[in-house]
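Got your viewer open? Here is a short tour, stop by stop, with what to select and what you should find there.

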Amino acid sequence: MEDCEPSLPIRVYTVIASIPEGKVTTYGTIARLAGAPRNSRQVGTILQRLPKDSKLPWFRVVNSQGKISLTGPDYIRQKKALLADGVLFTRSDRINFKIYGWPD
DNA sequence: GCAATGACTTGGT
DNA sequence: CACCAAGCCATTG
């Protein structure tokens, strides 16, 4: 019979898993690559609900301004993970745009 | 079934 | 650069 299309969380997981080491991408880009271009907010919600022991590179996801959307301790954790991943920041905590799936 | 929620985005000031 | 308003829409309770 007909295969059901995978749910949005599943498609989002797949896209995030494909982000190369040393690069980052945005919520909006993930939504676009997952076939739901208007659902950037859902991408954020899905990431928030990820188990803390997830093997997905959730830390490679930033907002459209190239900044980390998390705050407080979570912000620190993501920034450390990105630095360890080889991602550079500008003086105002902006990510150096090495974007995966960026629209050309 | 419906209103509230939100790790977003764009555009304006 | 910082902040605010409106648009967006699947998921939650």
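A search of the whole structure turns up three salt bridges. Keep in mind that this is a predicted model. We'll visit the bridges one by one and then move on to a pair of helices.

**Stop 1: Asp 85 and Arg 60.** Select these two and show their side chains. They form a salt bridge, and the closest N and O atoms are 2.7 Å apart. Now trace the backbone on either side: Asp 85 sits in the segment after helix 4 (72-84), while Arg 60 is in the loop between helix 3 (40-48) and strand 2 (61-62), so the bridge ties together parts that are 25 residues apart in sequence. Buried or exposed, for Asp 85 and Arg 60? Switch on a surface to check: both are buried.

**Stop 2: Asp 74 and Arg 77.** Next, select helix 4, which holds both of these residues. Asp 74 and Arg 77 are three residues apart there, about one turn of the helix. Their side chains make a salt bridge with 2.9 Å between the closest N and O atoms. As for accessibility, Asp 74 counts as partly exposed at 32% relative accessibility, and Arg 77 is also partly exposed, with a relative accessible area of 34%.

**Stop 3: Asp 93 and Lys 79.** Stay with helix 4 and add Asp 93 to your selection. Which parts does this pair link? Lys 79 is in helix 4 and Asp 93 is in the segment after helix 4, so the pair ties together parts that are 14 residues apart in sequence. The N-to-O distance in this salt bridge is 2.8 Å. Asp 93 is partly exposed, at 29% relative accessibility; Lys 79 is partly exposed too, with a relative accessible area of 22%.

**Stop 4: helix 1 against helix 3.** Hide the side chains from the earlier stops and select helix 1 (residues 8-17) together with helix 3. Their axes are 10 Å apart and the packing angle is about 80°. Since angles from 65 to 115 degrees count as roughly perpendicular, that is how helix 1 and helix 3 are described relative to each other.

Now bring back side chains at the contact. From helix 1, pick Leu 8, Pro 9, Val 12, Tyr 13 and Ile 16; they meet Gln 42, Val 43, Ile 46 and Leu 47 in helix 3. Color the selection by residue class: the contact has eight nonpolar residues, one polar and no charged ones.

Technical notes. Residues numbered from 1 in each chain as written. Chains lettered and ligands numbered in written order. Predicted model: local features only at pLDDT ≥ 70, side-chain atom pairs only at ≥ 80, totals over all residues. Heavy atoms only, no water. Salt bridge = Lys/Arg side-chain N within 4 Å of Asp/Glu carboxyl O. Helix = DSSP H or I, 4+ residues; strand = E, 2+ residues; numbered from the N terminus. Buried < 20%, exposed > 50% of the residue type's maximum accessible area, 1.4 Å probe, protein only. Axes fitted to C-alpha atoms, helices over the stretch in contact; angles between N-to-C directions. Parallel < 35°, antiparallel > 145°, perpendicular 65-115°, else oblique. Contact = heavy atoms within 4.5 Å. Nonpolar A, V, L, I, M, F, W, Y, C, P; charged D, E, K, R; others polar.
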